[in-house]
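Visitor: I would like to walk through this model and ask how its labels are earned. Could you take the questions one at a time?

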There are 2 protein chains.
Amino acid sequence: MSLAKDLVRRIRDVIGTQEDFVPLHVPEFNGRERELILDCIDTGWVSSVGSYVEKFEIEVARWSGCTHGVVVANGTAALQISLIVAGVKSGDEVLMPALTFVATANATTHVGAVPHFIDSAYDTLGICPMKLRAHLEQVAEVRDKQTWNRHTGRRIAAVVPMHVFGCPVEMDEVNAVVSDWPMVVVEDAAESLGSRYKERLCGSLGDIAAISFNGNKIITTGGGGAIVTDDAELAMRAKHLTTTAKLPHEWAFVHDEVGFNYRLPNLNAALGVAQLEQLDARLDQKRELFFAYEKAFQEVKGVQLLRAPDGSVSNNWLVTLIIDRAYSGERDHLLQVLNEEGIMTRPVWTPMHRLDMYMKNPRADLSSAEDLETRVLNIPSSAYLGIRGRAAL
Amino acid sequence: MSLAKDLVRRIRDVIGTQEDFVPLHVPEFNGRERELILDCIDTGWVSSVGSYVEKFEIEVARWSGCTHGVVVANGTAALQISLIVAGVKSGDEVLMPALTFVATANATTHVGAVPHFIDSAYDTLGICPMKLRAHLEQVAEVRDKQTWNRHTGRRIAAVVPMHVFGCPVEMDEVNAVVSDWPMVVVEDAAESLGSRYKERLCGSLGDIAAISFNGNKIITTGGGGAIVTDDAELAMRAKHLTTTAKLPHEWAFVHDEVGFNYRLPNLNAALGVAQLEQLDARLDQKRELFFAYEKAFQEVKGVQLLRAPDGSVSNNWLVTLIIDRAYSGERDHLLQVLNEEGIMTRPVWTPMHRLDMYMKNPRADLSSAEDLETRVLNIPSSAYLGIRGRAAL
């Protein structure tokens, strides 16, 4: 049997044959969504102030293992503001994986900073701490307790580990690099709400973190994001900056710096509150789906399922197949066949250094990212499929 | 009777005494809001793609007298992207009234451009075309069909007329200035959805315009905004830029420039579609409220009601009182008394050149803006008050 046909059969064994077309990941509304959004309409509190904004901030912080949460319009805004309040300035460089969604690089560019690309680790698909260290040893130096790029003359102000598809980065090792090369750690936790690294929740593993609630994520607010941190001062400044930097006053309009309008409407926060109430159950369902896929792919030749390293627990946002090198030339054929068979499948992102606007950016050796680009596929991962997956076990 | 007590009596005559506290402007949901947002939940289409996004874009364009609409996360984002697609570059100057909400200046700053402040006209509270021309004659010159600031050496790329509280700027006169001093006209129509200038809708009076649907506006999406224009190319580029600049492809992630994540979720667009269906009725109610206030203030000494000049029709977003110069020292006292009496009242914004971050920006003589700052008040203006207003007539 061809690899493509074999994959179709194994995936259909897990997700069932009820539908001709199974999407990659759909939002699910099985809780109080309807009740809470109608409450916004009935009370008139739909906009940027409202009780659900505050509730959602508290719950998102809790779900990230942090003391403070600031909810915003989307994950890109969350990352941009996280970088700013963490001290990244225009003209600084920010280290990040080349293999990430474009928002990581764009948020950095919106700050006026320069994305500097690092290679990926095969075991997590996230930034590789070993290669990060080796690259810094080659290009950087520490002066005045800050890290500088000797080639560009720019300060390297931050590293942004991104937990790819929910699989946690080896954060102890990233933090060990940072203890030798001083910079802030801004987690891009857009995809990893509920994931854990050594018992600690993603979002609490650096100085500050950005989360996304876009429609394709594990929970959604339609569009939305959050900044989470244990640092009360960073959180206060993030709240101030994202709400037009207005000073509190009974009636006067005084703003004390150039702020942003990145508020999350109460309507969307209400959706988020209802969705977060289901996150525990959803994590269970997605775990069961993963186990079912794991069993189905046990004996397969040609692909492996990505599994979080020991000590890490992925939220299993998107189930990930890695094609063996021998078959890497078949990626597009596999995408074609799987999608034609109604099994929505997507490749990993084009690495940042291969996009027009980031081609000339500073970068390390990126051979793993380039290799992985030809070998990574995501297959249907919606939580509801977990119920079918359990039946298939 | 003191002016404060007289104002309280006259306003209460219009808005009634049913509530102890009457807010400045509340959203109202009297149409299909509940039906349409539940449809988003039931179908799962809550996020950045969905039929309400497209419907809302078509309807917003129609309500602005334009052929194209692109809906986005909020009015600030709409203005930032409007400036970019209209050709404003980092380092350019952008002319705007000093008397505006801070978003006008912030959106410009987010582009990397420099706000350059112009004085206001007493008859509209918007940018004064005569003072605009006089200032350009003093500081600018035309070279290669572009306008340059002789003092700063920067290009003056755009003018942003903002229709204050819904009252249209004298746009024929602004456009006449621009025919002598080449630059693009980007309308800040955040507050003026449904307002008309010489039979033409606000939003269709320049090259491109930005609209806001924040919770306090005449209609709301919770948070949201729109870019409207008759230029298909500008609209296409605005859509591309606000949706991460991703190229269409079955599965590949290729983005061809540094884009933004400024998408309006389908959930919020659904709210907008339902709200727009009521805009006609709301404009009627607000007009009736204005007439009731006009009658109530006919004989008053010490304040005047702002009325749009002949040929212009305001959407009456916020009803505006202008305190006579003799009483301008009493502004804070009036604010205090009116708010204490449960009549929510606010002053106009602090002019931009008096905020810390814009103090050193280029500017014209701003004596009218400074004078108006001490004399402008907004009083309760919600559409539902129009029904009471009609009864009071």
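Visitor: Which phi does Gly87(B) take just after α4(B)?

Guide: Happy to start there, with the reminder that this is a predicted model. Gly87(B), just after α4(B), takes a positive phi of about 110 degrees.

Visitor: And what makes helix α4 of chain B count as mostly covered?

Guide: A residue is called buried if 20 or more other C-beta atoms lie within 10 Å of its own. In helix α4 (residues 75-85) of chain B, eleven of the eleven residues are buried. Among them are Gly75(B), Thr76(B), Gln80(B) and Ser82(B), along with Leu79(B), Ile81(B) and Val85(B).

Visitor: Is Ser367(B) buried or exposed, and how do you know?

Guide: The cut-off for exposed is 12 or fewer C-beta neighbours. Ser367(B) has 11 inside 10 Å, so this serine counts as exposed. Ser367(B) is found in helix α12 (residues 367-373) of chain B.

Visitor: How far is Ser367(B) from Ile118(B), in sequence and in space?

Guide: The two are 249 residues apart in sequence, while their C-alpha atoms are 9.9 Å apart in space.

Visitor: Why is the relation between chain A and chain B called a two-fold axis?

Guide: Look at the superposition. A rotation of 180 degrees, with 0.0 Å of shift along its axis, places chain A on chain B with an RMSD of 0.0 Å. That is the relation of a two-fold axis. In chain A, the residue that comes closest to the rotation axis is Ala73(A), its C-alpha being at 3.6 Å.

Visitor: How do you know that the copies meet through the same surface?

Guide: The overlap tells us: 100% of the interface residues of chain A are also interface residues in chain B, so the same surface is used by both copies. In the interface, 48 residues of chain A are in contact with 48 residues of chain B.

Visitor: Which elements give two or more residues to the side of chain A that touches chain B?

Guide: They are α2 (33-43), α5 (102-110), α9 (266-276) and β15 (346-347) of chain A. α2(A) gives the most, with five residues. By class, this side of chain A has 22 nonpolar, 19 polar and seven charged residues.

Visitor: Now within one chain, how is chain A divided into domains?

Guide: Domain 1 takes 3-28 + 279-392, and domain 2 takes 33-276. Their C-alpha centres lie 25 Å apart. The contact takes 34 residues from domain 1 of chain A and 41 residues from domain 2 of chain A.

Visitor: What makes up the side of domain 1 of chain A that touches domain 2 of chain A?

Guide: α10, β13 (312-313) and α12 (367-373) of chain A each supply at least two residues. The largest share, four residues, comes from α12(A). This side of domain 1 of chain A divides into 19 nonpolar, twelve polar and three charged residues.

Visitor: How do the axes of helix α1 and helix α10 of chain A cross?

Guide: The axes of α1 (residues 3-15) and α10 (residues 279-296) of chain A come within 9 Å and cross at roughly 145 degrees. The crossing of α1(A) and α10(A) is right-handed. Arg10(A), Asp13(A) and Val14(A) of α1(A) make the contact with Ala292(A), Tyr293(A) and Ala296(A) of α10(A). By class, that contact has four nonpolar, no polar and two charged residues.

Key:
Residues numbered from 1 in each chain as written. Chains lettered and ligands numbered in written order. Predicted model: local features only at pLDDT ≥ 70, side-chain atom pairs only at ≥ 80, totals over all residues. Contact = placed C-beta atoms within 7 Å. Nonpolar A, V, L, I, M, F, W, Y, C, P; charged D, E, K, R; others polar. Axes fitted to C-alpha atoms, helices over the stretch in contact; angles between N-to-C directions. Left-handed = near helix turned anticlockwise from the far one by under 90°. Least-squares fit on C-alpha atoms with pLDDT ≥ 70 in both. Domains from an automatic or database assignment.
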